[in-house]
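Reader: I've just opened this one and I'm new to it. Could you walk me through it?

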Amino acid sequence: MKKVIFIAGTIIALLGCNSNQKEKPERITIQSKNKTEASSNDLVSNTIILSSNDQMQFDKKILRVKKGEKITLTLQHTGTMSKNVMGHNFVLLQQGTDIIQFARKAMKAKDTEYIPEGDDVIAYTKLIGGGEKVTITFDAPAPGTYDYICSFPAHYTLMKGKLIVE
Ligand SMILES: [Cu+2]
């Protein structure tokens with residue numbers, strides 16, 4: 001009698017294994033579907049909406065644009081904090097600019113909303129606070145990869161990304 005129960009248990013255990021194996025291919029299908037969705041967000045577009053928040057973050061780390069065309073960029077701030085405390089801007093830097101050195105100069109340029117003098121900047125928005133947004137239009141620079149940051153003091157450590165002109 002004990003032997004019969006043991007065999008029945010083994011069969012149930014085997015059945016259990018089989019049903020687990022059947023689930024695996026489904027999981028793989030779901031994963032590859034998600035990958036396709038993620039890459040479709042990475043489209044080349046010269047109309048950009050970049051979002052920022054009270055957590056000192058941009059919602060995009062890579063912006064892909066087409067060469068030889070104008071870029072229209074809207075920066076929005078979805079938070080509620082004022083621009084004196086949690087101000088954000090978008091500052092596109094020339095290739096070869098040292099971000100840390102630039103940010104140090106920017107920190108001292110409070111009167112010009114943290115845009116320092118010099119020719120490191122390709123394009124920038126004004127500084128905005130929670131609930132605000134601003135749109136700028138500028139010519140796409142030559143093909144290549146460019147850094148962008150928020151130049152509000154200390155924000156560049158989290159608020160930075162790459163603009164890729166293709
Ligand atoms: Cu900022």
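Here is a short chat about the sheet, the metal site and one helix.

Author: Before we start, this is a predicted model, where local features need pLDDT of at least 70, side-chain atom pairs count only at pLDDT 80 or more, and totals for chains, interfaces and linings use all residues. Residues are numbered from 1 along each chain as its sequence is written, and side-chain values use heavy atoms, with hydrogens and water left out.

Reader: Which strands stand at the edges of the open sheet?

Author: Strands here are DSSP E runs of at least two residues, helices are H or I runs of at least four, and both are numbered from the N terminus. Two strands pair if DSSP finds at least two bridges between them, and the open sheet has 5 strands with mixed pairing, in the order S2-S8-S7-S4-S5. The edge strands each have a single partner, so one side of each lacks a neighbour in the sheet: they are S2 (62–65) and S5 (121–124).

Reader: How many bridges join S7 to S8?

Author: S7 covers residues 144–149 and S8 covers 160–165, and the two run antiparallel. One of the bridges pairs Gly144 with Val165 in S8. The number of bridges joining S7 to S8 is 6.

Reader: Which residues are the protein donors of the copper ion?

Author: Donors are N, O and S atoms within 2.8 Å of the metal (3.2 Å for Na, K and Ca), and water is not among the atoms, so sites may look incomplete. In sequence the donor residues are spaced H-x61-C-x4-H. Lying 2.1 Å from the copper ion, they are His88 (ND1), Cys150 (SG) and His155 (ND1).

Reader: Is His155 buried or exposed?

Author: His155 sits in the loop between S7 and S8. Among the residues it touches (heavy atoms within 4.5 Å) are Met56, Met86 and His88. Buried means under 20% relative accessible area, exposed over 50% and partly exposed in between, using a 1.4 Å probe and protein chains only. With a relative accessible area of 4%, His155 is buried.

Reader: Within what arc do the buried residues of H3 fall?

Author: In H3 (residues 99–107), the buried residues are Ile99, Phe102, Ala103 and Ala106, and what covers them includes S4, S5 and S7. On the other side of H3, Gln101 and Arg104 are exposed. The arc is taken from the directions from the helix axis to the C-beta atoms. The buried residues line one face of H3 because, seen down its axis, they fall within an arc of 100°.

Key:
Contact = heavy atoms within 4.5 Å. Lists of a residue's contacts leave out its neighbours within four places in sequence.
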